[in-house]
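Grab a pencil and open the viewer. Each exercise below gives you a task, and a worked solution follows it.

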Amino acid sequence: MTSGTRPARSRDRADGRAFLCRAVRRPHLFGSPAPSGAPLGTQVANLLPDSGTPTVVVELGAGTGALTSRIHQRLPAGSRLLAIELDEVLAAHLAAHLPAVDVRQGDAERLPALLAEAGIARADTVVTSLPWTLLPGRRRDALLDAVAGALTPDGFATAIVTRTALPGRVRELRSAFEARFVEVTTLPTVWRNLPPAAVLVARRPRAAQIADAS
Ligand SMILES: C[S@@+](CC[C@H](N)C(=O)[O-])C[C@H]1O[C@@H](n2cnc3c(N)ncnc32)[C@H](O)[C@@H]1O
């Protein structure tokens, strides 16, 4: 799959401005002053296949597309990428800059309805960069249930956890993932990011294992 044609540097600057403009208005929805940097985006994208069978990837909290563009460039031909973003200005910005990606404005908590509207039964991967550690427990759990419920039995989800998050909230988040996934790991921290962050990878949703076995 291929990406847009605008020169990368001016596109990065435009994205940074658009991101900051929205993040200062709704900091609790962002948890970060800047889009993910290239090293972090590459680390997430590298988890996905770049050849072989087409795959279905859903991204929650796509922002200005720092992860979206790298994922889109990587996936094998015939794959689907659905990018969901709550902020209406950023969703429009992303749709304009990555016209080849299926961008939907909406709340990730409405994931089942958004997937149904897009004609997707199950995703192989759900990539997230939601502000997980800032969310109240009930909201976090509802979102995580939606993520786990959207995946195939062998599917996996990712989350970005910033090093600025409170350690107690990070532990709670990891436990919430472990309650819903068989295998949860955290990749090495990417220090060349603002703020530094690590990618949590959660494989094999428990609910899908049970449904698969019955
Ligand atoms: C830290 S930013 C990440 C943006 C981008 N993926 C990146 O890595 O640069 C978090 C994004 O999640 C979006 N977001 C927050 N809550 C959301 C929700 N419930 N549903 C969809 N998007 C949400 C925010 O609007 C923001 O764009």
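**Exercise 1: A phenylalanine and its surroundings**

Leaving aside neighbours within four places in sequence, Phe30 is in contact with Ala23 and Pro131 (contact: C-beta atoms, placed from the backbone, within 7 Å). Before you start, note that this is a predicted model, where local features need pLDDT of at least 70, side-chain atom pairs count only at pLDDT 80 or more, and totals for chains, interfaces and linings use all residues. Residues are numbered from 1 along each chain as its sequence is written.

Task: Find which element holds Phe30, and work out whether Phe30 is buried or exposed.

Solution:
- Step 1. Locate the residue: Phe30 lies in helix H2. Helices (H or I, at least four residues) and strands (E, at least two) are DSSP runs, numbered from the N terminus.
- Step 2. Recall the cut-offs: buried takes 20 or more other C-beta atoms within 10 Å of a residue's own, exposed takes 12 or fewer, and partly exposed is in between, with C-beta atoms placed from the backbone.
- Step 3. Count: Phe30 has 23 other C-beta atoms within 10 Å, so it is buried.
- Step 4. Check the distance to Pro131: Phe30 and Pro131 are 101 residues apart in sequence, yet 5.7 Å apart in space, C-alpha to C-alpha.

**Exercise 2: Walk across the sheet**

Task: Write down the strand order, then say which strands stand at the edges.

Solution:
- Step 1. Trace the order: the open sheet has seven strands, S3-S2-S1-S4-S5-S7-S6, with mixed pairing. Two strands pair if DSSP finds at least two bridges between them.
- Step 2. Look at the ends: strand S3 (102-105) and strand S6 (181-186) each have a single partner strand, so one side of each is left without a neighbour in the sheet.
- Step 3. Compare two pairs. Strand S1 (residues 56-60) runs parallel to S2, joined by five bridges, and Leu60 stands opposite Ile84 in S2. S6 and strand S7 (residues 197-205) run antiparallel, also with five bridges, and Thr185 stands opposite Val201 in S7.
- Step 4. Check S2 for burial: five of its six residues are buried, so S2 is largely enclosed by the rest of the structure.

**Exercise 3: Two helices that cross**

Task: Describe how H7 and H8 cross, and list the residues that meet.

Solution:
- Step 1. Take the axes: those of helix H7 (residues 137-149) and helix H8 (residues 167-180) come within 10 Å and cross at roughly 35 degrees. Axes are lines fitted to C-alpha atoms, for helices over the stretch in contact, and angles run from 0 to 180 degrees between N-to-C directions.
- Step 2. Decide the hand: H7 passes H8 in a right-handed crossing, meaning the near helix is turned clockwise from the far one by less than a right angle.
- Step 3. List the residues: Arg140, Asp141, Leu144 and Ala148 in H7 meet Ala176, Phe177 and Arg180 in H8.

**Exercise 4: Two backbone oddities**

Task: Say where Pro195 and Arg204 are found, then look at their backbones.

Solution:
- Step 1. Know what to expect: most residues other than glycine have a negative phi, and most peptide bonds are trans.
- Step 2. Pro195 sits in the loop between S6 and S7. The peptide bond from Leu194 to Pro195 is cis, with omega near -10 degrees.
- Step 3. Arg204 is in strand S7, and its phi is near 60 degrees, a positive value in a residue other than glycine.
- Step 4. With 19 C-beta neighbours inside 10 Å, Arg204 counts as partly exposed.

Conventions: A crossing is left-handed if the near helix is turned anticlockwise from the far one by less than a right angle, and right-handed if clockwise. Two residues are in contact if their C-beta atoms, placed from the backbone, lie within 7 Å.
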